[in-house]
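Reader: I should like to learn how the features of a protein model are read. May we work through one together?

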Amino acid sequence: MSSYNRRQFLTGTAAVAAAASLSLADGRFASAATLDRAVAATAARAVRIEGTTLAQVAEPTGAGPYKRLRSGPGWPLVVRDELAPRGARRAAARDGARTALACFVQFTDLHLADTESPVRFEYLARFIDSAHRPHETLTVRGASSLVERVNALARGPYTGAPFSLVMATGDNTDNHEKVELDWYLSVMSGGRITPNSGDPARYEGVQNSGNAEYWNPESSSNDVYKAKGFPRIPGFLTAAGRPFTAPGLRTPWYTTVGNHDDSVEGTLPDLGLLRSLYTGDRKLEGCDGAEAAALADALRTDPGKAVKRLAHLLKTAGPVRRVTPDPRRAPFTPAEFAKAHLDPRYTGAGPAGHGFTAPAVEQGRLYYTFPVADGVLGVSLDTTNPAGFADGSVGTAQLTWLESVLKSRSGHWYDKDGRTVRGTGTDELVVVFSHHTSTSMGNLLPDPHRPFEKRHDGGELVALLQRFPNVVAWVNGHSHENRITAHGHAVPERAFWEVNTASHIDYPQQARIIELTDNGDGTLSLFTTLVESAAPYRTDVSDTSEAGLAALYRELSYNDPYATPAKKLGTALDHNTELVLARPGRR
């Protein structure tokens, strides 16, 4: 059982009182005084809040179009008890009785990007906000700074339990290139990284093109970004591409595959048609507005048509820049993605393979199970659809496999008609991980590698998970938003929580600590705490040290003119929460 002092125990009820003033309609506190009381009560319930968003959070400041960031007040704990059964204890009683069952960290949507790649769509940014980001040359350093934060924290804020693992829930690379995969595996396991491709001595991308549609940070000439207050930073691109040593996680880590790890720009099916363009020497840096609009529309509606249009543009449109070819830019196959994790160079803190095994690689199976803690099983799904489009689904074989896994771990479950079925499983609690959310799994195009296999959407997956009371959470990414969803059920033990976390490329660039506890009253709690990277909040454009670049990464992401920070932040209901639910009964 976690240790708590008497002050923490006695003041725990204050957090519930503060949270009661929360407007559940929009997740905002009624007044600054109410927020202050909630923050104080949050600290009283925790073991240690330093280094998390419970203590402080980046916030914008300034009146101009370009906002600087500073340290703002922490986000308080909000108790969400929509799924709690009747008779659940009050927060103070839970604090005094709870036992830590598991404590782990979720990374998601790191999008480590080769910004000099010929197969990028920067010229579509005004139509597709993810096509280009002004800060994307710093993705590798930003991810490494997040690793530093997790290494420094080491334990959960509410249980004090050490992190058992870190799970990266997909879109670990941006354009599924081998060089990006090497950067990802090196960030996670530690080692020397040069976040540059092509010519190692210089940057060859849109940000020194002179094209006024992009932020040219080292140039004194005006561009659309500088018109919005973006600074000039001499030496920025050179600093961004210089070698550095990533510390690597001190905690075992696992990988879930995302659509950007599977498809061209996370959208187009990799059918081999663009392979020569990846490793070639022509980079399209702009095109006619009508052509750009047509390609953006094809990316959303017809992946096959988009592949052909892109290939045509690269041969006929302009301006086209000659770049240094690099064989490391070649895209990897799903099997190569998994196999790379088995390379001893990337073992780091373990485990070997980080969830992937040699037999699974041979079978082309990128879904697996793993231990989260004693009595808690993790299930990593592959929700990507190789047919194209950003959204996902699962095939029948994987859905059948998942059902068999859940049955083998359950003492009882419910059939499709709601009847109780008794089993011989060990009643392990289960946390499911995937890249896609329940609402972004409507892509039912047939897998070109398995054209006759049926695909299944998020609703079917929710229905399956609700048949197994020992499923307590589904943790995912993809949306680049903080959002927590209660999947309720008339039978309380059949409910579970879906925890969706914002990306680490778009602001707010957060990861999430998740602690699972037994409250001793027939309920469980999931404490979800957001964390930011180790970078300082304040930036200095003359500081291109590792910490200075990581700080710029965060601030530039907030100011991305095509991004929507407010939408991605979520509300207090999606931030630091205690999610209460029924503990599955034994029958």
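**Sheets, helices and empty space**

Author: Let us begin with one helix: α5 (residues 178–189) lies across β4, β5 and β8, and runs at about 155 degrees to β8. Contact here means heavy atoms within 4.5 Å. Axes are lines fitted to C-alpha atoms, for helices over the stretch in contact, and angles run from 0 to 180 degrees between N-to-C directions. Helices (H or I, at least four residues) and strands (E, at least two) are DSSP runs, numbered from the N terminus.

Reader: What kind of model is this, and how are its residues numbered?

Author: This is a predicted model, in which local features need pLDDT of at least 70 and side-chain atom pairs count only at pLDDT 80 or more, while totals for chains, interfaces and linings use all residues. Residues are numbered from 1 along each chain as its sequence is written, and side-chain values use heavy atoms, with hydrogens and water left out.

Reader: How many helices and strands does the chain have?

Author: The chain has 15 helices and 23 strands. Its radius of gyration is 24 Å, close to the 25 Å that the globule rule gives for 587 residues, so the chain is as compact as a globular protein of that length. That radius is taken over C-alpha atoms, and the globule rule is 2.2 Å times the number of residues to the power 0.38. Taken along the principal axes, the C-alpha atoms fill a box of roughly 70 × 55 × 45 Å.

Reader: Which strands form the sheet of seven, and in what order?

Author: Strands of a sheet pair through backbone hydrogen bonds, either parallel or antiparallel. Two strands count as paired if DSSP finds at least two bridges between them. Here the order is β3-β23-β22-β21-β4-β5-β8, in an open sheet with mixed pairing. Its edge strands, β3 (78–83) and β8 (253–256), each pair on one side only. The twist averages 25 degrees from one strand to the next. Strand β5 (residues 166–169) pairs with β8 in the parallel sense over four bridges, and V166 stands opposite W253 in β8. Helix α4 (residues 139–153) also packs on this sheet, touching β4 (99–107), β5, β21 (511–518) and β22 (523–531), and its direction makes about 165 degrees with that of β4.

Reader: What is the strand order in the sheet of six?

Author: This open sheet, again with mixed pairing, runs β11-β12-β16-β18-β20-β19. Its edge strands are β11 (368–373) and β19 (483–487), each pairing on one side only. β19 pairs with β20 (residues 496–500) in the antiparallel sense over five bridges, and the bridge partner of A486 in β20 is W497. Helix α13 (residues 458–465) packs on the sheet and touches β16, β18, β19 and β20, with a direction at about 155 degrees to that of β18. Helix α12 (residues 396–408) lies across β11, β12 (376–380), β16 (429–433) and β18 (471–476), at about 175 degrees to β12.

Reader: How is empty space found, and what volume has the largest pocket?

Author: Rolling a probe the size of a water molecule over the atoms shows where empty space is left. On a 1 Å grid over the protein atoms alone, a cavity is a set of points where a 1.4 Å probe fits but cannot get out; a pocket is an open set with protein on both sides within 12 Å along at least five of seven lines; lining residues have an atom within 4 Å of a point. Grid points are joined across faces, edges and corners, and a volume is the space filled by probe spheres set on the points. The largest pocket has a volume of about 870 Å³. Of its 33 lining residues, D129, S130, A390, H478 and S479 are the closest to its centre. At least two lining residues come from each of α8 (289–301), β19, β20 and α15 (565–569).

Reader: How many cavities are there of 30 Å³ or more?

Author: The count comes to two. The largest cavity holds about 70 Å³ of space, and the closest to its centre among its ten lining residues are D427, L429, N470, P584 and G585. The second largest holds about 40 Å³.

Reader: Which peptide bonds are cis?

Author: Most residues other than glycine have a negative phi, and most peptide bonds are trans. A cis bond joins G350 and P351, with omega about -10 degrees, and another joins Y507 and P508, with omega about 25 degrees. P508 is placed in the loop between β20 and β21.
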